[in-house]
Structures are given as structure tokens and as C-alpha cells.
Amino acid sequence: HMSEAASTVLSAPTSTRPKVLVVDDELGPRESISYLLSDEFEVIAVDRVDRGLELIAKESFAVVVMDIRMPQKNGIQGLEEMRRIDPEVSIIMMTGYGALSTAQAAISLGANEYLKKPFDVDLLQQAVRRHAAEGVERKKRSAMLKQLGEMYDSVMAEQKKQQMSTG
């Protein structure tokens, strides 16, 4: 296991492709989604919500594709916790059960999109593509706002210092 510093140094220049996290307890969908997206995206797939949460806390993803029905923590719980960790990431929820109430719950808890399983290959690719672009934009914007805020704070602190010394 690499140290965190080493892994960030390595991951920064190697890939400019947006990162996608796939969370699904079933191997089949996990592998087919990874395969489908691997041309355009850097895909990391995990079989449990908790693993996904660990990764989200450490790395920046553009999109999460997550199944709703999973053992231990389900996708709805995962969605709530992920939103607390990363408000900007795009989250696409999937389920094999066309339960509209679940879809509505997912959207109200901050999912960006809801797809049915078995998924339509083109729909999934288009959704991930669109949400990756939006997720990346949101992250850039919030990083810029944060920088501006920090700049403003330091300018204000500087002014205060000057006032103190001249006053």
C-alpha cells in the first residue's frame, strides 16, 4: 500500500480523464460498467458502500454510479453519506426495481440522475459523460470560490494589520 503522498503524486499527471466510482455489489454490472466507461474515464469499482465512502473521502471523483439495492449499507444511505463528504460530485443511482418512490427519494437526497437496470449502454454512457462534465465544472467553481474567499480574508487581515500599525 503506497503512502498517500506517493499515490497523489502518481495519479496527478498520469491521467487527465475524469474519475468515476462504481459501487455495485454484483460483479456482472460492476465489470460491464467499468468496461463500458474505461475508454473515456478512469474507473474504480467497489462492491460495498463503505469502500466507496473511504475512496470519496480520499480522492476527487467526477461521477459516482451506484446501485440502490445492496447488502449492509444500501445506495440510499450511501448517497446521503457521500453528499456530506462531497457535495459537488455527480451521483447516478441505478436499480433493477422500477420503484418510482425509490427514484424520487434518491433525487430528493441529492442524486443527479436515476437509471434503471439492466441499463441501456448508450444512456449510461451519455449520462456519465454529461454528469462528469458538470461535476468537474462544479468542483472547479467551488475551488475558485474557496481561493477567492481565502484571498479576500488575507487582504482583509493585511488591511487590519496596516490600520493597527498606522492608527
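**Exercise 1.** In this predicted model, determine which residues Met 93 touches, leaving aside residues up to four places away in sequence.

*Solution.* Begin with the residues that precede Met 93: the contacts there are Met 66, Asp 67, Ile 68, Gly 75, Ile 76 and Leu 79. Then take those that follow: Ala 106, Ala 111, Glu 113, Tyr 114 and Leu 115.

**Exercise 2.** Identify the members of the largest nonpolar core that touch the most other members, and state which elements supply the core.

*Solution.* Step one: the core holds 20 residues, and those touching the most other members are Leu 21, Val 23, Val 64, Met 66, Met 82, Ile 91 and Met 93. Step two: at least two residues of this core come from each of β1 (19–23), α3 (49–58), β3 (63–67), α4 (75–85) and β4 (90–95). Step three: α3 gives the largest share, four residues. Step four: there is also a second, separate core, which has 17 residues, including Val 20, Ile 33, Phe 119 and Ala 132.

**Exercise 3.** Compare the span of helix α6 with its expected span, then establish which of its residues are buried and what covers them.

*Solution.* Helix α6 comprises 46 residues. The distance from its first C-alpha to its last is 67 Å, close to the 68 Å expected at 1.5 Å a residue. The buried residues of α6 are Leu 124, Gln 125, Ala 127, Val 128, His 131, Ala 132, Gly 135 and Lys 139. Their cover includes β1, α2 (27–37), β3, β4 and β5 (113–116).

**Exercise 4.** Decide whether Leu 145 is buried or exposed, and describe the surface patch to which this residue belongs.

*Solution.* First, locate the residue: Leu 145 lies in helix α6, which covers residues 121–166. Next, apply the cut-off: a residue counts as exposed when its relative accessible area is over 50%. Leu 145 has a value of 57% and is therefore exposed. Finally, Leu 145, Leu 148 and Met 151 together make a nonpolar surface patch of about 330 Å².

**Exercise 5.** Locate the cis peptide bond and place its proline within the fold.

*Solution.* The cis bond joins Lys 117 and Pro 118, with omega at about -5 degrees. Pro 118 is situated in the loop between β5 and α6.

**Exercise 6.** Summarise the protein as a whole by its elements, burial, contacts and surface.

*Solution.* The protein contains six helices and five strands, in the order α-β-α-β-α-β-α-β-α-β-α from the N terminus. Of its 167 residues, 35% count as buried. Among contacts with a separation of 6 or more, 62% involve residues 24 or more positions apart. The exposed area is about 10,200 Å², of which carbon and sulfur atoms supply 55%.

Terms used:
Residues are numbered from 1 along each chain as its sequence is written. This is a predicted model: local features need pLDDT of at least 70, side-chain atom pairs count only at pLDDT 80 or more; totals for chains, interfaces and linings use all residues. Side-chain values use heavy atoms; hydrogens and water are left out. Patches are made of residues with over 30% relative accessible area and no salt bridge: like charges are joined within 9 Å, nonpolar side chains (Val, Leu, Ile, Met, Phe, Trp, Tyr) within 5 Å. Accessible areas come from the Shrake-Rupley method with a 1.4 Å probe; for residues, only the protein chains shown count as cover. A salt bridge is a side-chain nitrogen of Lys or Arg within 4 Å of a carboxyl oxygen of Asp or Glu. Buried means under 20% relative accessible area, exposed over 50%, partly exposed in between (1.4 Å probe, protein chains only). A nonpolar core is a set of buried Ala, Val, Leu, Ile, Met, Phe, Trp, Tyr and Cys residues joined through side-chain atoms within 4.5 Å. Contact means heavy atoms within 4.5 Å. The expected span of a helix is 1.5 Å times one less than its number of residues.
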